[in-house]
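Subject: Structure for your review

Dear colleague,

Please find below the structure that I am handing over to you. I should be grateful if you would keep it open while reading the notes that follow it.

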Amino acid sequence: MTPVPAAPVKCYGVRRLNPFYGVVQVVETAAGRALSTDGLGWQLQVLAERPEPTWGSLNRGRARQQFFRFGRWHPDEGMTRVPVNPVLDVGAMLGAAQALIDTLQQVRSALPFALTDRYEHWLLDQALQPLALLASPGAERLMFEVETRDWQATLPAGEPFLAPSLQARGIPLQDPGSRRRHAEQLEAQVRGAAGQGARRHWIRRTDDGGGASVDTGAGELTWPAAAFPVTGLRNDWPEPAEAALVADYLDWLAPRLLTLPGLPDALRLRLEHAAASHALLVEAQYRLYPKILAPQVIDAARVEARLRQAAAGA
């Protein structure tokens, strides 16, 4: 594995949460950053100064730095720029983008990068045990900028979650009132486990995998590593129907869950087999899998994905 360049370049991963949609790979330099959800195509964001339009203010003309989306880079297609405001220093931004691309070409072989998001916002169950992961920003200072919401199984307008266990019980995926009935049933199950007055806590994970509450006034709440479900959702449920629904959901998420480091081998192997029925997602995510235990299963899914893509483009 090619070593990641030393500072000031930072390479790390951040989970896309609520709902979980995989791990974003981030490469940061002093002048910009690049983000990728598949390890192949990268969105380029460049730092630039823009004067504040505050006419009559004492701060008029004072420049501030912020990230601007500058384009995309793909190793086979090169860079594609997006229009930028002409008031910006486009020449300097182009130089920063090219330097960022040069860095990407050096670090891509080190994918996937380690997760650095140690601060986590958890929904707790009635026994104050971690139930569902809501957010995980990359730094403590970002906790207060995160707008958390109730736990979601899927995005309202996203791909619907189909649960075979609910289908077997005659519960349809859609009805006149909802196109995501199975997701809503799982969300209701999680709300029920949280109980009335659901408690959420910001928790800092420790080196041993445990965690401690960092919420003001929360007391000294701590949890061992075993209390935190590695998938971000508790998978031990008292009722067989509840356990089956969560198992269906984890199978449906399998191509994305496989991007997580630290999965026990038995769980990773099960998820690899479950992911095989989602070939297109496997093809999009496999570059970010920390390890693969059943390469023949993943390779077969990728072959299927390429055949389907070729048929669609014919």
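In this predicted model, L123 of strand 7 stands opposite R200 in strand 9. The two strands, with strand 9 covering residues 200–205, pair in the antiparallel sense over five bridges. Strand 7 also pairs with strand 8, again in the antiparallel sense, over four bridges. Two of the facing positions can be located by eye: W122 stands opposite L133 in strand 8, and L124 stands opposite P130 in strand 8. Strand 7 and strand 8 form a hairpin with five residues between the strands, where L128 takes a positive phi near 65 degrees.

These pairings belong to a wider arrangement. Five strands form an open sheet in the order 8-7-9-10-11, with antiparallel pairing. Which strands stand at the edges of the sheet? They are strand 8 and strand 11 (222–223); each has a single partner strand, so one side of each is left without a neighbour in the sheet.

Is strand 7 enclosed by the rest of the structure or left open? Six of its six residues are buried, so strand 7 is largely enclosed. Its side chains point in two directions: Y119, H121 and L123 one way, and E120, W122 and L124 the other way, all of them buried.

As for the chain in general, it has eight helices and 11 strands. Of its 314 residues, 43% are buried. Among the contacts with a separation of 6 or more, 54% join residues 24 or more positions apart.

Helix 4 is a suitable element to examine next. It runs over residues 240–252, which is 13 residues, and reaches 18 Å from its first C-alpha to its last, close to the 18 Å expected at 1.5 Å a residue. Which residues of helix 4 are buried? They are L245, V246, D248, Y249, L250 and W252. These buried residues pack against helix 2 (164–168), helix 3 (181–194), helix 5 (254–257) and helix 6 (265–275). An α-helix has 3.6 residues a turn, so residues three or four places apart point the same way.

V246, which is found in helix 4, may serve as an example. Its relative accessible area is 1%, and because buried means under 20%, V246 counts as buried. Leaving aside neighbours within four places in sequence, V246 is in contact with L186, Q189, L233, R234, N235 and W237. One of these, R234, is 12 residues from V246 along the chain, and their C-alpha atoms are separated by 8.3 Å.

A second example comes from a loop. F20 is found between strand 1 and strand 2, and at 8% relative accessibility it counts as buried. Not counting residues up to four places away in sequence, F20 touches R15, L253, R256, L257, T259 and L260. The C-alpha atoms of F20 and T154 are separated by 8.2 Å, although the two residues are 134 residues apart along the chain.

Finally, I turn to the pockets. The largest pocket holds about 680 Å³ of space. It is lined by 26 residues, and the closest to its centre are V14, S136, P137, G138 and L142. Strand 1 (10–15), strand 2 (23–28), strand 3 (32–36) and strand 8 (130–135) each supply at least two residues of this lining. How many residues of the lining are nonpolar, polar and charged? The lining of the largest pocket divides into 13 nonpolar, five polar and eight charged residues.

The second largest pocket holds about 580 Å³ of space. Of its 29 lining residues, R15, L115, E120, R205 and V230 lie nearest its centre. Strand 7 (119–124) and helix 4 each supply at least two residues of the lining, and both elements were described above. The lining of the second largest pocket divides into 17 nonpolar, seven polar and five charged residues. Two of the residues nearest the centre have already appeared in these notes: E120 is one of the buried residues of strand 7, and R15 is among the residues that F20 touches.

Yours sincerely,

A colleague

Technical notes:
Residues are numbered from 1 along each chain as its sequence is written. This is a predicted model: local features need pLDDT of at least 70, side-chain atom pairs count only at pLDDT 80 or more; totals for chains, interfaces and linings use all residues. Side-chain values use heavy atoms; hydrogens and water are left out. The expected span of a helix is 1.5 Å times one less than its number of residues. Buried means under 20% relative accessible area, exposed over 50%, partly exposed in between (1.4 Å probe, protein chains only). Contact means heavy atoms within 4.5 Å. On a 1 Å grid over the protein atoms alone, a cavity is a set of points where a 1.4 Å probe fits but cannot get out, and a pocket is an open set with protein on both sides within 12 Å along at least five of seven lines; lining residues have an atom within 4 Å of a point. Grid points are joined across faces, edges and corners, and a volume is the space filled by probe spheres set on the points. Ala, Val, Leu, Ile, Met, Phe, Trp, Tyr, Cys and Pro count as nonpolar, Asp, Glu, Lys and Arg as charged, and the others, Gly among them, as polar. Two strands pair if DSSP finds at least two bridges between them.
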